[in-house]
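Me: I am new to this structure. Can you take me through it in short steps?

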Amino acid sequence: LNGRTKTVNLSIEALLLIAEIDHPKIVIESLLEVGVDSNTTKIAANSVFVVIRLLQTFGLKYFPLNDILKVYLEWFEGRNTDKREHVLNLSVELCKWGATSIVRKSMKSLRSATKKMIESKIEMIDPSVSPNPERKLRTEEVNFSNNNEDMSPEKEEFDPFSLLESQSLLDKLDDSFYTGIESSNWKERKSQAMHLFNVLESIEKLENGDYNFLVGVLCKRLKADANVFVVTYIARSVTQLASGLRLNFSSCAKRFIPIILGKFKEKKRSVVDALHEALFAIHSYCINVVDFIDDIAEIAKSNVPSVKLELI
């Protein structure tokens, strides 16, 4: 990867062939070990470019997303401009394959200028165009039509969320959290609600577990708390729980529905917006609207004009 253009191209093709015969992860592991962090700028930059080509060639299904997410933010640092440009392109390429929310969450620690640059590139992606793998692995079963006339790659429907490693939330909430969130001191409740949201925001995929006690505490506070900060952070936490647990959160999510709908009477716009986001996340990831249509019908009887307006 440090030779002339023709040599580099042949080397990249050889690495793609190895990935095709074996697995892309094998090649990427080697690149992460000896290529990406090389002191030779050309090798380091071209190693990141190979990572992009592996994603484009074989798709996200066989891409070791977790391995990349653990280290790729570090690649934005340093003076190797070609390497930084390739890392930027890698971020955009991941978004093209449906990992936009994952990329955005992972880049929160980047400098503002870098984040703006990535966001500007993301905005240029055409959502109507879905990429397809250029090749299949040798071990993959290839399905052809009866006459073998259509040799084009099949459209790949794949959720990058399934590639992520789940992380525990419940282990990160000790007794001080549950004591603080129930405190009579609003500042303490706000502090713990903010803590919960910050922890959730740092986790893309939550480990499944028994969330009933936590949900019970959050339902109580969401319904009864008069502090707008506490309510907002809890609503935003519900959004993160829904997106992090998805269908595993379905039964718990139903408990929030009537409370969220009832809180639409709130006058503070920031609170109402947070409630809308929570409801949208629950509907998007956990349950269908038909599952809470009775709750909507009941709240629609409210005499509060703002509640009916928000339901629309």
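**Salt bridges first**

Reply: Start with a salt bridge between Glu-201 and Lys-108, whose closest N and O atoms are 3.4 Å apart. Glu-201 sits in helix H9, and Lys-108 in the loop between H6 and helix H7 (112-123). Bear in mind that this is a predicted model. Along the chain, the two partners are separated by 93 residues.

Me: Is Lys-108 buried, partly exposed or exposed?

Reply: Buried means under 20% relative accessible area, and exposed means over 50%. Lys-108 has 46% relative accessibility. That value falls in between, so Lys-108 counts as partly exposed.

Me: And which class does Glu-201 fall into, buried or exposed or partly exposed?

Reply: The relative accessible area of Glu-201 is 21%. Buried would need a value under 20%. Glu-201 is therefore partly exposed.

Me: How many salt bridges are there in total?

Reply: A pair counts when a side-chain nitrogen of Lys or Arg is within 4 Å of a carboxyl oxygen of Asp or Glu. Counted by this rule, the total is 19.

Me: Arg-221 and Glu-182 also form a salt bridge. How many residues apart are they?

Reply: Their side chains meet at 3.1 Å, N to O. Arg-221 belongs to helix H10, while Glu-182 is in the loop between helix H8 (175-181) and H9. The pair links distant parts of the chain, with a separation of 39 residues.

Me: Which of these two partners is buried, Arg-221 or Glu-182?

Reply: The cut-off for buried is under 20% relative accessible area. Glu-182 has 32%, so Glu-182 is partly exposed. Arg-221 has 10%. The buried partner is therefore Arg-221.

Me: Where do Asp-273 and Arg-269 lie?

Reply: These two form a salt bridge as well, with the closest N and O atoms 3.0 Å apart. Asp-273 is partly exposed at 35%, and Arg-269 is partly exposed at 43%. They are four residues apart, about one turn of the helix, and both lie in helix H13.

Me: Which residues are joined into one network by salt bridges that share partners?

Reply: Arg-221 and Glu-182 were met above as a pair. Both belong to the network. The full set is Glu-182, Arg-189, Lys-220, Arg-221 and Asp-225.

**The pocket**

Me: What is the volume of the largest pocket?

Reply: Rolling a probe the size of a water molecule over the atoms shows where empty space is left. For the largest pocket, the volume comes to about 540 Å³.

Me: Which element gives the most to the lining of the largest pocket?

Reply: The lining has 18 residues, and those nearest the centre are Ser-101, Lys-105, Thr-239, Gln-240 and Ser-243. Helix H6 (100-106), helix H9 (186-201), helix H11 (228-245) and H13 each give two or more residues. The element that gives the most, with five residues, is H13.

**Cysteines**

Me: How many disulfides does the model have?

Reply: A disulfide needs two cysteine sulfur atoms within 2.5 Å. Cys-252 is in no disulfide, and its nearest cysteine sulfur, that of Cys-219, is 8.3 Å away. Over the whole model, the count is zero.

Me: Is Cys-252 buried or exposed?

Reply: Its relative accessibility is 6%. Under 20% is the cut-off for buried. Cys-252 therefore counts as buried.

**Loops and surface**

Me: Which residue has a positive phi although it is not a glycine?

Reply: Look in the loop between H11 and helix H12 (250-262). The residue there is buried, at 18% relative accessibility. Its phi is about 55 degrees, and its name is Arg-246.

Me: How far apart in space are Ala-226 and Trp-186, C-alpha to C-alpha?

Reply: Ala-226 is in the loop between helix H10 (212-224) and H11. Ala-226 is exposed, with a relative accessible area of 75%. In sequence, Ala-226 and Trp-186 are 40 residues apart. In space, the distance is 9.1 Å.

Me: Which residues make the nonpolar surface patch of about 250 Å²?

Reply: One of them, Val-290, is in the loop between helix H13 (269-285) and helix H14 (293-299). Val-290 is exposed at 60%. The patch is made by Val-289, Val-290 and Ile-293.

How values were computed: Residues are numbered from 1 along each chain as its sequence is written. This is a predicted model: local features need pLDDT of at least 70, side-chain atom pairs count only at pLDDT 80 or more; totals for chains, interfaces and linings use all residues. Side-chain values use heavy atoms; hydrogens and water are left out. Patches are made of residues with over 30% relative accessible area and no salt bridge: like charges are joined within 9 Å, nonpolar side chains (Val, Leu, Ile, Met, Phe, Trp, Tyr) within 5 Å. Accessible areas come from the Shrake-Rupley method with a 1.4 Å probe; for residues, only the protein chains shown count as cover. Buried means under 20% relative accessible area, exposed over 50%, partly exposed in between (1.4 Å probe, protein chains only). On a 1 Å grid over the protein atoms alone, a cavity is a set of points where a 1.4 Å probe fits but cannot get out, and a pocket is an open set with protein on both sides within 12 Å along at least five of seven lines; lining residues have an atom within 4 Å of a point. Grid points are joined across faces, edges and corners, and a volume is the space filled by probe spheres set on the points.
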